[in-house]
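The report below considers one chain, beginning with its overall build and then turning to a single helix, a single serine and the surroundings of a ligand. Please keep the sequence and the model in view while reading.

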Amino acid sequence: MLLEVRDLRVEFRTRDGIVNAVNGVSYSVAEGETLAVLGESGSGKSVTAQAVMGILDVPPGRIAGGQILFQGRDLLTIGREERRRIRGEKMAMIFQDALSSLNPVLSVGFQLGEMFRVHRGASRSAARARAIELMDRVRIPAAKERVNDYPHQFSGGMRQRIMIAMALALEPDLIIADEPTTALDVTVQAQVMDLLAELQREYRMGLILITHDLGVVADVADKIAVMYAGRIVENAPVKELYARPAHPYTKGLLDSIPRLDAKGKELLAIKGLPPNLLRIPAGCPFHPRCPLAREVCRHDPRPPLYEAVGEGRSSACHFWRETIGE
Ligand code: SF4
Ligand code: MG
């Protein structure tokens with residue numbers, strides 16, 4: 001397995017108390033596989049990924065338990081140097097906001113080339129040639145003429161392509177993309193997502209696609225983990241999740257993919273807000289918003305991830321059978 005996260009716990013110390021942002025998350029990504037991690041903001045999907053990338057190792061964030069196995073080695077226990085090397089060369093991350101990830105006063109060609117100078121000892125001219133190659137690779141028109149342009153001279157979609165190029169530069173084994181298309185127009189979103197999926201297949205990388213939007217991952221993900229209040233509440237191969245969701249929260253998300261009803265109103269299926277992570281409700285954390293909730297849901301123990309749902313499937317709902325329509 002390329003990446004295996006096991007029972008990960010992350011907490012943040014705040015003035016109001018300990019925020020349990022990630023509460024025992026496990027997931028895996030095989031070589032060449034795409035895992036979509038879906039959830040509202042505050043569900044812990046980004047924090048889990050940041051723990052994998054090692055950008056949470058600073059207070060107030062703290063990894064409170066679990067394992068992060070990359071190609072079989074636990075990133076939380078191996079030596080610092082080795083860990084830095086793995087995270088620098090074998091993993092890459094793409095963020096939502098390219099403008100704040102790119103340096104505004106350096107040309108994109110310089111920033112792309114720097115990857116090769118720093119990590120591969122390339123000369124200036126070789127690095128520049130590689131930068132142009134990468135810009136071509138992510139289909140930036142007239143790469144040769146644009147290599148000296150600055151980030152603000154590119155459109156949002158083109159900047160996101162540059163982020164993808166940066167991530168690909170060292171040919172990592174794993175890419176984590178956190179809401180990579182959220183800031184873009186819908187048509188540009190689809191183009192960028194298609195490009196990412198195509199490159200991922202070509203390079204046979206593992207890809208973790210973090211999103212709040214089920215609509216954007218349907219065509220590119222192999223499997224989906226749905227997160228709520230710092231836990232995974234459903235795991236499923238992508239087609240099955242769409243066809244037969246086994247958790248009421250997933251059902252709600254599917255129903256709230258933006259579309260208009262006959263009267264032209266937007267349908268919003270899930271009422272209420274995600275819980276405050278300082279005070280996660282007892283029992284099923286989703287119960288205050290769940291249309292199927294009943295007495296047993298309000299009390300501990302929390303529903304475990306029931307694996308009887310099917311091959312590669314699980315649901316943290318006591319009533320998954322009912323939900324799935326069995
Ligand atoms: Fe809803 Fe109860 Fe299932 Fe939680 S366990 S999702 S509250 S039915
Ligand atoms: Mg986020």
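The chain, seen here as a predicted model, contains 12 helices and 12 strands. For its 326 residues a compact globule would be expected to have a radius of gyration near 20 Å, and the 21 Å found for the chain agrees with that expectation. Of these 326 residues, buried ones make up 39%. Among the contacts with a separation of 6 or more, 62% are between residues 24 or more positions apart. The extent of the C-alpha trace along the principal axes, about 70 × 55 × 40 Å, is listed below with the other values for the chain.

| Property of the chain | Value |
|---|---|
| Radius of gyration | 21 Å |
| Span of the C-alpha trace along the principal axes | about 70 × 55 × 40 Å |
| Buried residues | 39% of 326 residues |
| Contacts between residues 24 or more positions apart | 62% of those with a separation of 6 or more |

Helix α8 can be described in more detail. It runs over residues 186–203, and its 18 residues reach 26 Å from the first C-alpha to the last, which is close to the 26 Å expected at 1.5 Å a residue. Which residues of α8 are buried? They are Val192, Met193, Leu196 and Gln200. Because these residues cover an arc of only 100° around the axis, they lie on the same side of α8. The face of α8 turned away from this buried side carries the exposed residues Thr187, Asp194, Glu198 and Glu202. The cover over the buried residues of α8 includes the strands β3 (34–38), β7 (174–178) and β8 (206–211), together with the helices α7 (156–168) and α9 (214–217). Just after α8, Arg204 adopts a positive phi of about 50°.

A second site for inspection is Ser125, which belongs to helix α5 (residues 124–137). Is Ser125 buried or exposed? Ser125 has 9 C-beta neighbours inside 10 Å and therefore counts as exposed, since the cut-off for an exposed residue is 12 or fewer. Between the C-alpha atoms of Ser125 and Gly113, which are 12 residues apart along the chain, the separation is 8.9 Å.

The last site is that of ligand 1, which has 13 residues around it, and of these Cys284, His287, Cys290, Cys297 and Cys317 come nearest. By residue class, the shell around ligand 1 divides into 10 nonpolar and 3 polar residues, with no charged ones.

How values were computed. Residues numbered from 1 in each chain as written. Chains lettered and ligands numbered in written order. Predicted model: local features only at pLDDT ≥ 70, side-chain atom pairs only at ≥ 80, totals over all residues. Helix = DSSP H or I, 4+ residues; strand = E, 2+ residues; numbered from the N terminus. Rg over C-alpha atoms; globule rule 2.2 N^0.38 Å. Buried ≥ 20, exposed ≤ 12 C-beta atoms within 10 Å, placed from the backbone. Contact = placed C-beta atoms within 7 Å. Expected span 1.5 Å × (residues − 1). Arc of directions from axis to C-beta. Near = placed C-beta within 6 Å. Nonpolar A, V, L, I, M, F, W, Y, C, P; charged D, E, K, R; others polar.
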